[in-house]
Amino acid sequence: MEFLGFVTIIFLISYFIAKIRYEKTEYYLQTKNTLGNVLLDKGQSGEFYTYKSLKTFAGYKRFLFNVYLPKENGETTEIDIILLHESGIYVFESKNYSGWIFGNETQKYWTQTLPAGRGKTKKSRFFNPIMQNEGHLKWLKQFLGHEQDVPFYSYIVFSERCTLKNVTLTSGSHYVINRYDVLNAVQRNSANARVRLTSNEIDNLYAKLYPLTQVNECQKLVHIERIQQKQQPVEYAVGMKCPHCEGVLVMRTAIKGNHQGQKFLGCSSYPKCKFTAKIAEK
């Protein structure tokens, strides 16, 4: 019992020290997310640890977190992290995932594969984060109305717990990396670019964007509800466009495996595109 009490005291002291240090960070001062939430919430912890990885990035800089940008239709789009730096404007989409990640720039959805025991795997899809960040950049540029000679950089940052197993980039406009490499990546980027923003310009941009980080809880809930509505399962039918390419969905029949003889929807571009979907129940 005495040992457990000692361990509890050590834990509480360590947590208290960590809390004091955390509450001095730019992330806490701007977001007011508690340390407990950051430790328990996957999204918040991904943002915080990405910020921590970038803190030592040399040069004049300002951070902005959870920026709710207005869109033309009255909705908002949320950027996880914006870094205003003398070499340009960096836009980070944090994906605090684990497992294997598969995808390319043109697919609407990417795939996460996780072990499910007994040699099996569990696959789940998520919206292409490159397309997601392209939307962020579009609305950010429109909001700022900034001259095009100021470079914008798109970074998709995955956690250290995942492997970018087969991620294909073709445009050269985006960076998809693990968090452990994010500082090196932006340092290399900065080394190849001359100074593009003065400290005064950075401060002015920060002042314009900062109010968008301080939205109220009601606005955040509306934003989340709209995202959830868009993420409702899509019912596919014969003749619809394939969500992965420009093909058309056609009726197919499984010829082997556990589902042999069952009908399903497949892409007309098979085997180039292997998208499949269940037939919607009537």
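## Close-up views of a predicted model

**View 1. A nonpolar patch on the surface.** F11, L12, Y15, L39, L40 and Y49 together make a nonpolar surface patch of about 660 Å². Two elements each give two or more residues to this patch: helix 1 (2–22) and helix 3 (35–40). Helix 1 gives the most, with 3 residues. L39, one of the patch residues, has its place in helix 3. Please keep in mind, here and in the views that follow, that this is a predicted model.

**View 2. The surroundings of W110.** Where does W110 lie? Its place is in strand 5, which covers residues 109–117. W110 has a relative accessible area of 0%, and because buried means under 20%, W110 counts as buried. The side chain of W110 has polar company as well: one of its polar atoms lies 2.8 Å from the backbone oxygen of N104. A polar contact of 3.5 Å also joins the side chain of W110 to the side chain of N128. For a backbone landmark, look to F126, which is 16 residues from W110 along the chain; the C-alpha atoms of W110 and F126 are separated by 5.5 Å.

**View 3. An open sheet of 3 strands.** The strand order in this open sheet is 10-11-12, and the pairing is antiparallel. Strand 10 (249–253) and strand 12 (276–277) stand at the edges. Each of these edge strands has a single partner strand, so one side of each is left without a neighbour in the sheet. As a reminder, strands of a sheet pair through backbone hydrogen bonds, either parallel or antiparallel.

**View 4. Strand 10 beside strand 11.** How many bridges join strand 10 to strand 11? There are 5 bridges, and strand 11 (residues 263–267) runs antiparallel to strand 10. Within this part of the sheet, L249 stands opposite C267 of strand 11. C267 is buried, at 1% relative accessibility.

**View 5. Two cysteines and the disulfide count.** Is C162 buried or exposed? C162 has a relative accessible area of 5%, so C162 is buried. C267, already met in the sheet, is buried too, with a relative accessibility of 1%. A disulfide is a covalent bond between the sulfur atoms of two cysteines. With a cut-off that asks for a pair of cysteine sulfur atoms within 2.5 Å, the count for this model comes to 0 disulfides.

Notes
Residues are numbered from 1 along each chain as its sequence is written. This is a predicted model: local features need pLDDT of at least 70, side-chain atom pairs count only at pLDDT 80 or more; totals for chains, interfaces and linings use all residues. Side-chain values use heavy atoms; hydrogens and water are left out. Buried means under 20% relative accessible area, exposed over 50%, partly exposed in between (1.4 Å probe, protein chains only). Helices (H or I, at least four residues) and strands (E, at least two) are DSSP runs, numbered from the N terminus. A polar contact is a pair of N or O atoms within 3.5 Å; within protein, one must be able to donate a hydrogen and the other to accept it, and residues adjacent in sequence count only if both atoms are side-chain atoms. Two strands pair if DSSP finds at least two bridges between them. Patches are made of residues with over 30% relative accessible area and no salt bridge: like charges are joined within 9 Å, nonpolar side chains (Val, Leu, Ile, Met, Phe, Trp, Tyr) within 5 Å. Accessible areas come from the Shrake-Rupley method with a 1.4 Å probe; for residues, only the protein chains shown count as cover. A salt bridge is a side-chain nitrogen of Lys or Arg within 4 Å of a carboxyl oxygen of Asp or Glu.
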